[in-house]
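Colleague: I am new to reading protein models, and I would love some help with this one. Could you take me through it step by step?

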Amino acid sequence: MTRAEERKRATELKAVDVRTLIRTSLPDVAPQLTAAHIDQLQRILDAAVINADIEGKGAAIDRQSIRGKIVHSNQYLRNPVGVAQRDKVLAQKITIKPVENVVRLDLGKLLSPDALKTTSDNPDEAAYLLVVAEVFEHRGVWLVLDSSAAYVTQQMNPSDPKKWRVRLLLGFKPGALVEEIQTERGSLTRKALLSVGRLGAGYYEWVHQGPTMKQLKKALDSVSYQIDLGRNEHNWWSAHRSEFYITSKVSDKFGRADWPNERIWDQPHKVYVQALHLINSGKLMEAGKYALLAAYQAEWCARAVHEYVDATTRGATRVVKVLEVAVVLGKIAEGILALISVASGLIRLLTRKGGTALLEGGAQRQLPAGQTTPTPVSRTPTPAPQPGNPTVGYGSDTMKPGVVPGGKPGVKRFDTDIGDAVDRLRQHIGLPPRKLPGPLAELEMAELGVAHNKFTAWMNANPNATLVQKLEELDRIKKRMGIHWRLD
C-alpha cells in the first residue's frame, strides 16, 4: 500500500488530523514543523485506524473459520482456507518503527526571549542557565506523538482524539525513561526549561544555595560577628579606662581628641543589615558593595578605638584585642572584594563569550547585557502533503542517534568555586566537561590590597563622611579597578 493509498483509506476511516492535534495541544510548535514532519506523524494516526480496521476484519474471518472446539482444551479447529484468508488480511497491517513517532525540533525557535535571561546579578545563576542551555542543546527537544498507557486510553477507538497526546521531551532514546517538558503552548519559557526534574531541583541547589551566595553570606556573618566583638571591646574599655594610667588625650590621626563614642558601630551594623536586604532582593553585586563597606567601616571603628587606647593607655595587655578585630575585618574586606571581582568577571565572560557561542541560528542565551534576539518564527503553518506526493524516508531527517552538536564552544573550566560547581553539575547530568577559550578576568590580590588601602586612607581623611559619600568613593574605586557592583 502506497502512502497515498494509506492517506486515502485513513481519511475514510476518520483518522485524527495530526495538525489539529498539535495546534490544540502545542500551538507554538506547529509553525516549525515541515510538511515531511507532519506527514511522518500523520502516518502514526493513519496506521492506527487502518490497523484497527484490518484487525477487526481479520477477527471476523477468524471467527468464521472456526469448525469446532478441541475437547478439554481452549483451542479451536479452523478451516485452513479461512486461516490463510485471515493471515492474508492481517499481512496488510502497516508496520511502524519505534522512532517514527518523534521529531527533533529547532531549539532556537522554541525558546522564549527571556527563557535564559538572569533574574538577578548572581553569577551562579548565569552559570547555571548556561548549563541548562547546553543540556537542551546537547540532548535536543523532541516532539513525540503517542497515547497514554492508562487502561481507559488503550480501550479508546484510534479515531478518538482523546486517545492521542503530543508532548515535548528533553532527549529521546527508544526504551529509555523520558524527561518530559511541562509547557502550556509548546514554547520553552523559563518555567518550562526548569520543569525537567533534575534541572529544576538543581536551580535551588546551585543558585539559591550556590557558591557565590554561600561565600557572601559567610562573609556577612563574619562581619557581623566582628562588629559585635569590636563593639563589646569598645564598651569594655569605656567601662574600665579609669583603671589604667592615662598619659594624655592627644589628637590621633583619626581627628578624634576625645574618646570615640560607642555609637560609631551603629553605621557598619546598618550597612550590614542593608546588605542582607539586597541579597533577599537578588542584588548580590550591590549587596557585595554594602558588605565591603560594612567591613571597611567596622575596621575603621576598631582602629579608631585601638589608636586612642594605644596612644593614651599604658600597662594594659588588652590593648591588642580590638586591633585583632580590625585585622580580621581587613582580611574579610579583601575576601569580599575578591569575590565581587571574580563574580563580575564571570558574568562578563558568560555574557560576551557564552551568549553567542551556544545556540547558532536561533535564540541566543539571554544572559546579562545580552543584546541578541531570537530569530523570528513564522506563524504560517506548513500544509501537509497531498496524497500522491513523494514520501520521505520516515525518521531519516529527525532521528540522528549519537550525533552531538559540534563546533560550538562551551564555557572553559575556571578555578573558582563557581566553575567547580558547574562542572560537578554537568557531570551529574551526564554532560561532557566544558571547553571554552579565554581565561576568567580576575584582579590580582595585590591590586585588591591597593583598593583596600586607598579606601582606608580616604576614610582616615574623611572621618565624618556620610554613608552616601562613602558609597560614592567605593564607586570611584570600582571604576578605577574595573569592578562591577551590578549589571550595567
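Modeller: Happily! This is a predicted model, and the chain averages a pLDDT of 74, with 70% of the residues scoring at least 70; pLDDT is the predictor's confidence in each residue, from 0 to 100. Residues are numbered from 1 along each chain as its sequence is written, and side-chain values use heavy atoms, leaving out hydrogens and water. Local features need pLDDT of at least 70 and side-chain atom pairs count only at pLDDT 80 or more, while totals for chains, interfaces and linings use all residues.

Colleague: How many helices and strands does the secondary structure of the chain come to?

Modeller: Helices (H or I, at least four residues) and strands (E, at least two) are DSSP runs, numbered from the N terminus. On that basis, the chain comes to 16 helices and eight strands.

Colleague: Which element of the chain has the lowest mean pLDDT, and which the highest?

Modeller: Here we look at the mean pLDDT of each element. Strand β7 (residues 245–246) is lowest at 56, and the highest, at 93, is helix α2 (residues 18–25).

Colleague: Over residues 248–257, how many contacts beyond four places in sequence does the model have?

Modeller: A contact means heavy atoms within 4.5 Å. In residues 248–257 pLDDT stays under 50. Beyond four places in sequence, the model gives this stretch 23 contacts.

Colleague: What share of the residues in the chain is buried?

Modeller: Buried means under 20% relative accessible area, exposed over 50%, and partly exposed in between (1.4 Å probe, protein chains only). The chain has 488 residues, and the buried share is 49%.

Colleague: Which residues of α1 are buried?

Modeller: Helix α1 spans residues 3–12, and α3 is included in what covers its buried residues. Just after α1, Lys14 takes a positive phi of about 65 degrees. The buried residues of α1 are Arg3, Glu6, Arg7, Arg9 and Ala10.

Colleague: How far apart are the closest N and O atoms in the salt bridge of Arg3 with Glu6?

Modeller: A salt bridge is a side-chain nitrogen of Lys or Arg within 4 Å of a carboxyl oxygen of Asp or Glu. Arg3 and Glu6 are three residues apart in helix α1, so about one helical turn separates them. Arg3 counts as buried because its relative accessibility is 9%, and Glu6 is buried too, at 5%. Their closest N and O atoms are 3.4 Å apart.

Colleague: Why does the salt bridge of Asp53 and Arg9 tie together separate parts of the chain, and what is its N to O distance?

Modeller: The side chains of Asp53 and Arg9 meet in a salt bridge. Asp53 lies in helix α3 (residues 35–64) and Arg9 in helix α1, so the pair ties together parts that are 44 residues apart in sequence. Asp53 is partly exposed at 22%, whereas Arg9 is buried at 18%. The N to O distance is 3.0 Å.

Colleague: Is Glu299, which forms a salt bridge with Arg303, buried or exposed?

Modeller: The closest N and O atoms of Glu299 and Arg303 are 3.2 Å apart. The two residues are four apart in helix α12 (residues 284–312), so they are separated by about one helical turn. Arg303 counts as partly exposed, at 27% relative accessibility. With a relative accessible area of 4%, Glu299 is buried.

Colleague: How many aromatic pairs does a search of the whole structure find?

Modeller: Rings of Phe, Tyr and Trp (its six-membered ring) pair if their centres lie within 6.5 Å; planes under 30 degrees apart count as stacked, over 60 as edge-to-face and the rest as tilted. Searching the whole structure gives four aromatic pairs.

Colleague: What kind of pair do the rings of Tyr128 and Tyr203 make?

Modeller: Their ring centres are 5.9 Å apart and their planes lie at 80 degrees, so the pair is edge-to-face. This pair links distant parts of the chain, with Tyr128 in helix α6 (residues 123–139) and Tyr203 in helix α9, 75 residues apart. Both Tyr128 and Tyr203 are buried. The kind you asked for is edge-to-face.

Colleague: How far is the C-alpha atom of Trp206 from that of Asp124?

Modeller: Trp206 sits in helix α9 (residues 197–208), and it counts as buried because its relative accessibility is 15%. Along the chain, Trp206 and Asp124 are 82 residues apart. Their C-alpha atoms are separated by 6.8 Å.
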